[in-house]
Amino acid sequence: MELRTGIETRRSIRSYTEQPVTEEQIRQIVSAAQLAPSWKNSQTARYYVILDPALKERIAAEATMQFSKNMNNIRNAAAVVVLASKQGIAGYNDDGSFTTALGTHWQSFDAGIACQTFCLAAHDLGLGTLIMGIFDPEKTAEIAGLARDEQAAALIAVGYPAAEPSAPPRKPLDEVLTIR
Ligand SMILES: Cc1cc2nc3c(=O)[nH]c(=O)nc-3n(C[C@H](O)[C@H](O)[C@H](O)COP(=O)(O)O)c2cc1C
(Lines give C-alpha, C1' and ligand atoms only; values in the text may rest on other atoms or scores of the structure.)
Protein backbone atom coordinates (compact mmCIF):
# COMPACT_ATOMS: atom_id res chain seq x y z
CA MET A 1 0.00 0.00 0.00
CA GLU A 2 1.26 3.45 -0.84
CA LEU A 3 2.28 5.28 2.36
CA ARG A 4 0.00 8.30 1.98
CA THR A 5 -2.93 6.01 1.20
CA GLY A 6 -2.17 3.94 4.27
CA ILE A 7 -2.05 7.02 6.49
CA GLU A 8 -5.30 8.34 5.06
CA THR A 9 -7.28 5.09 5.18
CA ARG A 10 -6.23 3.78 8.61
CA ARG A 11 -9.18 4.00 10.99
CA SER A 12 -9.87 3.11 14.57
CA ILE A 13 -11.77 -0.17 14.27
CA ARG A 14 -14.27 -1.11 16.97
CA SER A 15 -16.00 -4.01 15.25
CA TYR A 16 -14.19 -7.13 14.05
CA THR A 17 -14.95 -10.37 12.25
CA GLU A 18 -14.21 -13.70 13.94
CA GLN A 19 -11.26 -14.40 11.64
CA PRO A 20 -8.18 -15.04 13.79
CA VAL A 21 -4.89 -13.19 13.53
CA THR A 22 -1.85 -15.42 13.07
CA GLU A 23 1.46 -15.37 14.89
CA GLU A 24 3.13 -14.82 11.52
CA GLN A 25 1.07 -11.68 10.95
CA ILE A 26 1.96 -10.46 14.43
CA ARG A 27 5.66 -11.06 13.73
CA GLN A 28 5.40 -9.07 10.49
CA ILE A 29 3.66 -6.17 12.22
CA VAL A 30 6.01 -5.99 15.18
CA SER A 31 9.08 -6.26 12.96
CA ALA A 32 7.79 -3.13 11.19
CA ALA A 33 6.91 -1.35 14.45
CA GLN A 34 10.47 -2.05 15.62
CA LEU A 35 11.69 0.21 12.81
CA ALA A 36 10.13 3.23 14.51
CA PRO A 37 12.65 5.86 15.61
CA SER A 38 13.40 6.08 19.33
CA TRP A 39 15.40 8.12 21.83
CA LYS A 40 19.08 7.36 21.10
CA ASN A 41 17.80 4.27 19.31
CA SER A 42 17.07 2.87 22.77
CA GLN A 43 14.09 0.83 21.45
CA THR A 44 12.27 0.69 24.76
CA ALA A 45 8.90 -0.38 23.32
CA ARG A 46 7.79 -3.93 24.13
CA TYR A 47 4.83 -5.79 22.64
CA TYR A 48 2.84 -8.33 24.63
CA VAL A 49 0.46 -9.84 22.12
CA ILE A 50 -2.43 -11.63 23.75
CA LEU A 51 -3.97 -14.23 21.45
CA ASP A 52 -5.08 -16.59 24.22
CA PRO A 53 -8.87 -16.05 24.57
CA ALA A 54 -8.88 -16.59 28.35
CA LEU A 55 -6.11 -14.06 28.95
CA LYS A 56 -7.73 -11.60 26.56
CA GLU A 57 -11.00 -11.96 28.44
CA ARG A 58 -9.21 -11.23 31.72
CA ILE A 59 -7.86 -7.97 30.28
CA ALA A 60 -11.35 -7.06 29.01
CA ALA A 61 -13.05 -7.88 32.31
CA GLU A 62 -10.44 -6.78 34.84
CA ALA A 63 -8.26 -4.10 33.23
CA THR A 64 -10.63 -1.72 31.43
CA MET A 65 -11.72 0.28 34.48
CA GLN A 66 -15.25 -0.99 33.79
CA PHE A 67 -15.36 1.16 30.63
CA SER A 68 -17.81 -1.04 28.74
CA LYS A 69 -16.88 0.24 25.29
CA ASN A 70 -13.29 -0.88 25.67
CA MET A 71 -14.42 -4.13 27.28
CA ASN A 72 -16.42 -4.87 24.12
CA ASN A 73 -13.65 -3.64 21.82
CA ILE A 74 -11.28 -6.20 23.36
CA ARG A 75 -13.82 -9.04 23.47
CA ASN A 76 -14.62 -8.38 19.83
CA ALA A 77 -11.03 -8.35 18.57
CA ALA A 78 -8.91 -11.37 17.68
CA ALA A 79 -5.99 -10.05 19.72
CA VAL A 80 -5.14 -7.38 22.22
CA VAL A 81 -1.64 -5.99 22.43
CA VAL A 82 -0.18 -4.51 25.56
CA LEU A 83 2.28 -1.93 24.31
CA ALA A 84 4.80 -1.47 27.11
CA SER A 85 7.82 0.74 27.68
CA LYS A 86 11.01 -0.07 29.53
CA GLN A 87 11.27 2.66 32.12
CA GLY A 88 14.10 5.02 33.03
CA ILE A 89 15.90 5.01 29.66
CA ALA A 90 14.27 7.30 27.08
CA GLY A 91 15.00 10.88 28.14
CA TYR A 92 17.48 9.92 30.85
CA ASN A 93 21.24 10.40 31.23
CA ASP A 94 23.43 7.49 32.28
CA ASP A 95 23.46 8.81 35.88
CA GLY A 96 19.64 8.59 36.04
CA SER A 97 19.00 12.33 35.73
CA PHE A 98 16.71 13.76 33.06
CA THR A 99 18.39 14.94 29.87
CA THR A 100 15.81 17.64 29.11
CA ALA A 101 13.25 19.78 30.90
CA LEU A 102 10.56 17.46 29.53
CA GLY A 103 11.54 14.78 32.04
CA THR A 104 9.72 11.47 31.58
CA HIS A 105 7.97 12.70 28.43
CA TRP A 106 10.24 10.89 25.97
CA GLN A 107 9.28 7.40 27.12
CA SER A 108 5.65 7.96 26.11
CA PHE A 109 6.76 9.80 23.00
CA ASP A 110 8.67 6.73 21.79
CA ALA A 111 5.76 4.44 22.68
CA GLY A 112 3.44 6.66 20.64
CA ILE A 113 5.61 6.50 17.55
CA ALA A 114 5.91 2.73 17.89
CA CYS A 115 2.14 2.49 18.40
CA GLN A 116 1.24 4.32 15.19
CA THR A 117 3.88 2.39 13.25
CA PHE A 118 2.30 -0.82 14.57
CA CYS A 119 -1.18 0.33 13.49
CA LEU A 120 -0.05 1.34 10.02
CA ALA A 121 1.81 -1.95 9.51
CA ALA A 122 -1.32 -3.87 10.59
CA HIS A 123 -3.43 -1.78 8.22
CA ASP A 124 -1.05 -2.66 5.41
CA LEU A 125 -1.91 -6.34 6.03
CA GLY A 126 -5.63 -5.61 5.92
CA LEU A 127 -6.01 -5.70 9.70
CA GLY A 128 -7.80 -3.13 11.80
CA THR A 129 -6.55 -1.70 15.08
CA LEU A 130 -7.83 0.38 17.97
CA ILE A 131 -5.53 2.22 20.35
CA MET A 132 -7.03 2.32 23.85
CA GLY A 133 -5.91 4.67 26.56
CA ILE A 134 -8.70 3.95 29.02
CA PHE A 135 -7.35 0.94 30.90
CA ASP A 136 -5.72 0.05 34.20
CA PRO A 137 -1.94 -0.14 33.62
CA GLU A 138 -1.14 -2.03 36.83
CA LYS A 139 -3.80 -4.67 36.39
CA THR A 140 -2.78 -5.03 32.75
CA ALA A 141 0.87 -5.46 33.72
CA GLU A 142 -0.09 -8.21 36.17
CA ILE A 143 -2.29 -10.10 33.69
CA ALA A 144 0.10 -9.80 30.73
CA GLY A 145 3.16 -10.56 32.87
CA LEU A 146 5.17 -7.41 32.17
CA ALA A 147 8.71 -7.23 33.53
CA ARG A 148 9.19 -5.09 36.65
CA ASP A 149 10.95 -2.31 34.73
CA GLU A 150 8.19 -2.06 32.13
CA GLN A 151 5.07 0.09 32.17
CA ALA A 152 1.96 -0.47 30.07
CA ALA A 153 1.61 2.50 27.70
CA ALA A 154 -1.50 1.58 25.69
CA LEU A 155 -3.67 -1.31 24.62
CA ILE A 156 -4.16 -2.04 20.92
CA ALA A 157 -7.02 -4.22 19.70
CA VAL A 158 -6.23 -6.07 16.46
CA GLY A 159 -8.46 -8.01 14.08
CA TYR A 160 -10.14 -8.06 10.69
CA PRO A 161 -12.52 -5.10 10.37
CA ALA A 162 -16.23 -6.02 10.21
CA ALA A 163 -17.07 -2.58 8.84
CA GLU A 164 -15.28 0.41 7.39
CA PRO A 165 -16.10 3.43 9.55
CA SER A 166 -16.02 6.86 7.97
CA ALA A 167 -13.18 9.15 8.95
CA PRO A 168 -13.84 11.38 11.96
CA PRO A 169 -13.33 14.95 10.75
CA ARG A 170 -10.02 16.68 11.24
CA LYS A 171 -9.57 20.32 12.17
CA PRO A 172 -8.82 22.73 9.37
CA LEU A 173 -5.13 22.61 8.42
CA ASP A 174 -4.66 26.27 9.29
CA GLU A 175 -5.81 25.64 12.86
CA VAL A 176 -3.05 23.14 13.50
CA LEU A 177 -0.31 24.47 11.25
CA THR A 178 1.77 27.58 11.84
CA ILE A 179 4.47 28.50 9.38
CA ARG A 180 6.65 31.42 10.42
C1 LIG B 1 -3.79 7.83 22.91
C2 LIG B 1 -5.12 7.38 22.36
C3 LIG B 1 -6.06 6.81 23.23
C4 LIG B 1 -7.27 6.35 22.73
N5 LIG B 1 -8.13 5.72 23.59
C6 LIG B 1 -9.27 5.18 23.10
C7 LIG B 1 -10.09 4.38 23.94
O8 LIG B 1 -9.79 4.15 25.11
N9 LIG B 1 -11.23 3.86 23.39
C10 LIG B 1 -11.58 4.07 22.09
O11 LIG B 1 -12.63 3.57 21.65
N12 LIG B 1 -10.81 4.81 21.25
C13 LIG B 1 -9.65 5.35 21.72
N14 LIG B 1 -8.81 6.05 20.87
C15 LIG B 1 -9.16 6.20 19.44
C16 LIG B 1 -9.56 7.64 19.07
O17 LIG B 1 -10.83 7.92 19.54
C18 LIG B 1 -9.45 7.80 17.54
O19 LIG B 1 -8.11 7.66 17.14
C20 LIG B 1 -9.97 9.15 17.05
O21 LIG B 1 -11.35 9.27 17.28
C22 LIG B 1 -9.71 9.36 15.54
O23 LIG B 1 -10.26 8.31 14.75
P24 LIG B 1 -9.36 7.48 13.73
O25 LIG B 1 -8.32 6.74 14.55
O26 LIG B 1 -10.30 6.54 13.01
O27 LIG B 1 -8.72 8.45 12.80
C28 LIG B 1 -7.59 6.51 21.35
C29 LIG B 1 -6.64 7.06 20.49
C30 LIG B 1 -5.41 7.46 20.98
C31 LIG B 1 -4.37 7.99 20.01
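**Notes on two helix pairs and three residues with positive phi**

1. Gly145 follows helix H6, and its phi is positive, near 75°. The model discussed here is a predicted one. H6 itself spans residues 137–144.

2. Three residues of H6 are buried: Thr140, Ile143 and Ala144. They lie on the same side of H6, because the arc they cover around the axis is only 85°. The elements covering these buried residues include strand S1 (45–50), helix H3, strand S2 (79–86) and strand S4 (150–159).

3. H3, made of residues 53–62, comes within 10 Å of H6, axis to axis, and the two cross at roughly 165°. An angle over 145 degrees counts as roughly antiparallel, so H3 is roughly antiparallel to H6. The crossing of H3 with H6 is right-handed.

4. Which residues do H3 and H6 bring to their contact? From H3 come Leu55, Arg58, Ile59 and Glu62, and from H6 come Lys139, Thr140 and Ile143. Sorted by class, this contact holds three nonpolar, one polar and three charged residues. Thr140 and Ile143, listed here for H6, are also among its buried residues.

5. A second helix pair is H2 (23–33) with H5 (residues 105–124). The axes of H2 and H5 are 8 Å apart, and the packing angle is about 140°. H2 is therefore oblique to H5. Their crossing is right-handed.

6. On the H2 side, the contact with H5 is made by Ile29, Ala32 and Ala33. On the H5 side, the residues are Ala114, Thr117, Phe118, Ala121 and Ala122. By class, seven residues of this contact are nonpolar, one is polar and none is charged.

7. The loop between H2 and S1 deserves a separate check. Most residues other than glycine have a negative phi. Lys40, which lies in this loop, has a positive phi near 50°. Asn41 is found in the loop as well, and its phi is also positive, about 50°, although Asn41 is not a glycine.

8. Are Lys40 and Asn41 buried or exposed? Lys40 counts as partly exposed, because it has 13 C-beta neighbours inside 10 Å. Asn41 has 6 other C-beta atoms within 10 Å and is therefore exposed. The cut-off that decides this is 12 or fewer for an exposed residue.

Key:
Residues are numbered from 1 along each chain as its sequence is written. This is a predicted model: local features need pLDDT of at least 70, side-chain atom pairs count only at pLDDT 80 or more; totals for chains, interfaces and linings use all residues. Axes are lines fitted to C-alpha atoms, for helices over the stretch in contact, and angles run from 0 to 180 degrees between N-to-C directions. Helices (H or I, at least four residues) and strands (E, at least two) are DSSP runs, numbered from the N terminus. Angles under 35 degrees count as roughly parallel, over 145 as roughly antiparallel, 65 to 115 as roughly perpendicular and the rest as oblique. A crossing is left-handed if the near helix is turned anticlockwise from the far one by less than a right angle, and right-handed if clockwise. Two residues are in contact if their C-beta atoms, placed from the backbone, lie within 7 Å. Ala, Val, Leu, Ile, Met, Phe, Trp, Tyr, Cys and Pro count as nonpolar, Asp, Glu, Lys and Arg as charged, and the others, Gly among them, as polar. A residue is buried if 20 or more other C-beta atoms lie within 10 Å of its own, exposed if 12 or fewer, and partly exposed in between; C-beta atoms are placed from the backbone. The arc is that of the directions from the helix axis to the C-beta atoms.
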